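Colleague: Could you take one part of this predicted model and go through it slowly with me, as you would for someone in a first year of study? I would like a close look at the cysteines, and then at whatever else you think belongs in a careful reading.

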Amino acid sequence: MSTLRGKVHRLGANVDTDVIIPARYLNTTDPAELAKHCLEDLDPTFPLRVQKGDIIVADENFGSGSSREHAPVAIRACGVACVVASTFARIFFRNSINVGLPIVECREIVEITEEGDVVDVDLASGIVRNVTKDVTASAVPFPDFMRHIIEAGGLVPYLHEKLTSSHSGQNSGSNGDTEGVRAEGEEVDLRHD
């Protein structure tokens with residue numbers, strides 16, 4: 001999953017979480033239901049046009065506004081493989097990692113893409129390549145531990161894998177602790193992987 005390829009859906013600057021998933025749909029946490037309404041106030045055809053593996057490209061401050069996790073859940077559930085933006089709101093960035101949605105900050109992305117272009121996004125190296133125009137740009141690469149969280153499908157599945165492996169005795173140290181997860185209590189250390 002290190003490299004993602006998809007068709008670009010271009011958005012502007014300051015796309016907030018209320019535009020990504022309007023508040024009137026926050027009475028559900030069902031990803032399939034949220035996907036039906038993703039970005040509908042900005043573009044009513046988006047939920048119908050988006051295909052599995054497509055990539056959203058946006059300008060500055062993507063995901064600003066309230067800290068609802070519904071927003072990255074809706075984006076992921078409608079099939080978007082990745083969001084590449086000039087910058088992200090910090091809480092949206094964290095919520096996206098938590099739910100397993102890859103997001104990449106690339107200052108040049110708006111300059112090198114148009115609606116419908118095909119892009120490759122390499123999460124490990126941070127290279128974004130517009131395949132249609134044969135142009136590349138540098139993005140901020142994901143640290144290994146964040147890529148592992150995304151590959152697991154989010155923070156909860158990642159921790160479940162870690163805890164399951166600790167109970168099966170894999171990676172046990174002399175005191176029974178596992179590397180990255182402590183068995184006692186609820187304490188978890190995600191500094192490395």
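Modeller: Let me begin with Cys-78, whose sulfur has its closest cysteine sulfur in Cys-38, at 4.0 Å, which is too far for a bond. A disulfide is a covalent bond between the sulfur atoms of two cysteines. The cut-off for counting one is a pair of cysteine sulfur atoms within 2.5 Å, and a search of the whole structure under that rule finds zero disulfides. As for its surroundings, Cys-78 counts as buried because its relative accessibility is 12%, and Cys-82 is buried as well, with a relative accessible area of 0%.

From the cysteines we can turn to the aromatic rings, for which a search of the whole structure finds four pairs. In one of them, Phe-62 and Phe-92 have ring centres 5.3 Å apart and planes at 80°, so this pair is edge-to-face, since planes over 60 degrees apart are given that name. This pair links distant parts of the chain, for Phe-62 lies in the loop between strand E2 (55-58) and helix H4 (70-77), whereas Phe-92 belongs to helix H5 (residues 90-99), and the two are 30 residues apart. Phe-62 counts as buried, at 0% relative accessibility, and Phe-92 is buried too, with a relative accessible area of 2%. Phe-92 also pairs with Phe-88, and here the arrangement is stacked, with 6.2 Å from centre to centre and 5° between the planes. Phe-88, at 5% relative accessibility, counts as buried. Taken together, Phe-62, Phe-88, Phe-92 and Phe-93 form one aromatic cluster, and over the face of Phe-93 lies Arg-90, at 4.9 Å from the ring centre.

A last place to visit is Asp-41, which is found in the loop between helix H2 (31-35) and helix H3 (46-49). Asp-41 counts as partly exposed, because its relative accessibility is 45%. If residues up to four places away in sequence are left aside, Asp-41 touches Pro-22 and Arg-24, and with Arg-24 there is a polar contact from side chain to side chain, at 2.6 Å. The C-alpha atom of Asp-41 is separated by 8.4 Å from that of Ile-21, a residue 20 residues apart from Asp-41 along the chain.

How values were computed
Residues numbered from 1 in each chain as written. Predicted model: local features only at pLDDT ≥ 70, side-chain atom pairs only at ≥ 80, totals over all residues. Heavy atoms only, no water. Phe/Tyr/Trp six-rings, centres within 6.5 Å; stacked < 30°, edge-to-face > 60°. Helix = DSSP H or I, 4+ residues; strand = E, 2+ residues; numbered from the N terminus. Buried < 20%, exposed > 50% of the residue type's maximum accessible area, 1.4 Å probe, protein only. Lys NZ or Arg CZ within 6 Å of the ring centre and 35° of its normal. Contact = heavy atoms within 4.5 Å. Polar contact = N/O pair within 3.5 Å; in protein donor to acceptor, adjacent residues only side chain to side chain.
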